[in-house]
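Here's a quick walk through one protein chain, sheets and helices included. Have a look at the fold before reading on.

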Amino acid sequence: MRLGFGDCVFDPDTREVFRGGKPVHVSPKAFALLAALIERRPKAIPKDDLHRLLWPDTFVSDTNLPNLVAELRESLGDDAHEPRIIRTVPRFGYAFSGAAHELRETVSGSRKSIYRLIWGNREIALGPGENLLGRDENAIVWIDEPLVSRQHARIVVADTGAVLEDLGSKNGTYINDRQVTGTMPVVEGDQLRIGSLLFTVRLSAPSHSTETLSSHGRLRSGRLRP
């Protein structure tokens with residue numbers, strides 16, 4: 001069962017970890033540590049239990065486990081000072097603290113679906129990786145509205161799903177009337193509210209027609225004025 005957390009995906013069947021839709025290198029020991037933390041989430045696992053799991057019947061330095069945690073944090077884009085994924089429990093051990101969710105398949109036959117935002121009669125196709133929403137001129141979805149921050153939110157699209165993240169906007173980002181804190185999965189039919197604009201998430205086959213692309217490869221329909 002694949003799990004998503006933030007812009008990361010954990011696949012125990014293929015023993016792969018993805019970040020931003022791209023595979024990241026994780027050593028076998030680090031993968032085993034991540035698997036153990038995810039399996040026991042949100043409970044904290046004592047250091048002694050992790051040592052026995054990762055290095056059975058072997059004496060290793062006390063620094064091995066913290067080094068392994070540091071490796072995982074670097075691969076996952078986590079911060080030891082403000083952890084979102086791996087939490088250190090002082091004088092005890094570690095715990096998985098990410099908001100993990102089971103990922104749905106976004107593949108129909110051999111063709112992967114395309115995420116689109118529907119606003120009125122407009123459709124904005126989202127590309128793989130990061131899609132910025134806001135008043136920034138470089139945003140994929142440029143929303144020209146005072147209630148919208150320059151870099152308001154982003155949707156990260158991977159082969160295995162998509163997640164929405166608020167980027168510290170002044171007025172917040174909402175999905176199905178729930179304010180987004182951290183990251184939240186995005187699926188077919190979700191309603192996204194940014195400022196006064198309400199978008200509907202749709203998934204479609206790659207053959208579905210799109211609106212005209214600009215010379216820079218960005219959708220002209222992405223420049224939205226209420």
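What follows goes through the two sheets, the helices and the cavity.

## The five-stranded sheet

Keep in mind that this is a predicted model. One open sheet has five strands in the order β4-β3-β2-β1-β8, with antiparallel pairing. Its edges are β4 (22–23) and β8 (101–102), each of which pairs on one side only.

Let's zoom in on the β8 end. There, β1 (residues 3–5) and β8 run antiparallel and pair over two bridges. L3 has E102 in β8 as its bridge partner.

## Helices on that sheet

Two helices go with this sheet. α3 packs on the sheet and touches β1, β2 and β3, and its direction makes about 50° with that of β3. As for α1, it lies across β1, β2 (8–11) and β3 (16–19), and runs at about 95° to β2.

## Helix α2: one face in, one face out

Which residues of α2 (residues 47–54) are buried? They are L50, H51 and L54. Looking down the axis of α2, you'd find its buried residues within an arc of 100°, so they line one face of the helix. Over on the other side of α2, D48 and R52 are exposed.

And what covers the buried residues of α2? The cover includes α1 (28–39) and α3 (64–76), along with the strands β5 (44–46) and β7 (93–96). So α1 and α3 turn up twice in this story: α1 lies across β1, β2 and β3, α3 touches those strands too, and both helices are part of what covers α2's buried residues.

## The six-stranded sheet

There's also an open sheet of six strands, again with antiparallel pairing, in the order β12-β11-β21-β20-β17-β18. Here the edge strands are β12 (122–125) and β18 (178–179), each pairing on one side only.

Inside that order, β17 (residues 173–175) pairs with β20 (residues 191–194) in the antiparallel sense, over three bridges. Y174 sits opposite R193 in β20.

## The cavity

How many cavities of 30 Å³ or more are there? The count comes to one. The largest cavity has a volume of about 80 Å³. It is lined by 13 residues, and the closest to its centre are G6, V9, A158, G161 and V163.

Three elements each give two or more residues to this lining: β2, β15 (153–158) and β16 (161–166). β16 gives the most, with three residues. β2, a member of the five-stranded sheet, is thus also one of the elements at the cavity wall.

Terms used: Residues numbered from 1 in each chain as written. Predicted model: local features only at pLDDT ≥ 70, side-chain atom pairs only at ≥ 80, totals over all residues. Heavy atoms only, no water. Buried < 20%, exposed > 50% of the residue type's maximum accessible area, 1.4 Å probe, protein only. Helix = DSSP H or I, 4+ residues; strand = E, 2+ residues; numbered from the N terminus. Arc of directions from axis to C-beta. Contact = heavy atoms within 4.5 Å. Pairing = 2+ DSSP bridges. Axes fitted to C-alpha atoms, helices over the stretch in contact; angles between N-to-C directions. 1 Å grid on protein atoms, 1.4 Å probe; cavity = no way out; pocket = protein on both sides within 12 Å on 5 of 7 lines; lining within 4 Å. Points joined across faces, edges and corners; volume = space filled by probe spheres on them.
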